[in-house]
Amino acid sequence: MECAQRGGRGFLVVRIAVGLILLFAAFAKLDGFRFDPLARDGLLALPRAQIAVIELKLFLGLWLLSGLAQRWARYAALVFFGMLAVGSLYMALEGRSHCGCFGRVPISPWWTFGLDVAAIALLAWFRPASFADLTISQSRLLEMAAICVLFVGVPFAGFFV
């Protein structure tokens, strides 16, 4: 019974919730995005680094929502949220009151660290019911690439036009 709850439907709920949180964070960060030369106090504050983070959030959020290659999406999300947790913890220990993870929405780095750790815990506990999705057909891989180009590449190119 416990294994049935940890896979399948449980992972579906976690996958959708984490994907929606990533998309919300990406769009909130995009809404609050600005090129402020005085705010460049670190590598991740540079505009190109912020664009890369926005794109990663968009890509991973769409990937999780798509349901394609669920095992690999789960691994990628675990690594990504691990990196976010380290960054949030660093900003919290540094004493910042706002991390900028959700754009203009003022959220403490401690809260985002907690959110990142919760996402890691849920993704570690729940897993896809079947690992049959390891072999992605070429057509599904092309579909995923087209979605990435459409939702990530086009807005990215728009920043430079």
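The following paragraphs describe a helix crossing, a nonpolar surface patch and a salt bridge in a predicted model. Residues are numbered from 1 along each chain as its sequence is written, and side-chain values use heavy atoms, with hydrogens and water left out. Because the model is predicted, local features need pLDDT of at least 70 and side-chain atom pairs count only at pLDDT 80 or more, whereas totals for chains, interfaces and linings use all residues.

Helix α2 spans residues 9–31 and helix α4 residues 70–94, helices being DSSP runs of H or I with at least four residues, numbered from the N terminus. The axes of α2 and α4, which are lines fitted to C-alpha atoms over the stretch in contact, come within 12 Å and cross at roughly 50 degrees. That angle makes α2 oblique to α4, a term for angles that are not under 35 degrees, over 145 or from 65 to 115.

Helix α2 also contains L12, which forms a nonpolar surface patch of about 240 Å² together with I16 and L20. Such patches join nonpolar side chains (Val, Leu, Ile, Met, Phe, Trp, Tyr) within 5 Å, from residues with over 30% relative accessible area and no salt bridge. L12 itself is partly exposed, at a relative accessible area of 36%, where buried means under 20%, exposed over 50% and partly exposed in between (1.4 Å probe, protein chains only).

The structure holds one salt bridge, defined as a side-chain nitrogen of Lys or Arg within 4 Å of a carboxyl oxygen of Asp or Glu. The side chains of R96 and E94 form this pair, at 2.7 Å from N to O. R96 is partly exposed at 30% relative accessibility, and E94 is likewise partly exposed at 40%.

Technical notes. Patch = residues over 30% accessible without salt bridge, like charges linked within 9 Å, V, L, I, M, F, W, Y side chains within 5 Å. Areas by Shrake-Rupley, 256 points an atom, 1.4 Å probe, with all protein chains shown as cover. Helix = DSSP H or I, 4+ residues; strand = E, 2+ residues; numbered from the N terminus. Axes fitted to C-alpha atoms, helices over the stretch in contact; angles between N-to-C directions.
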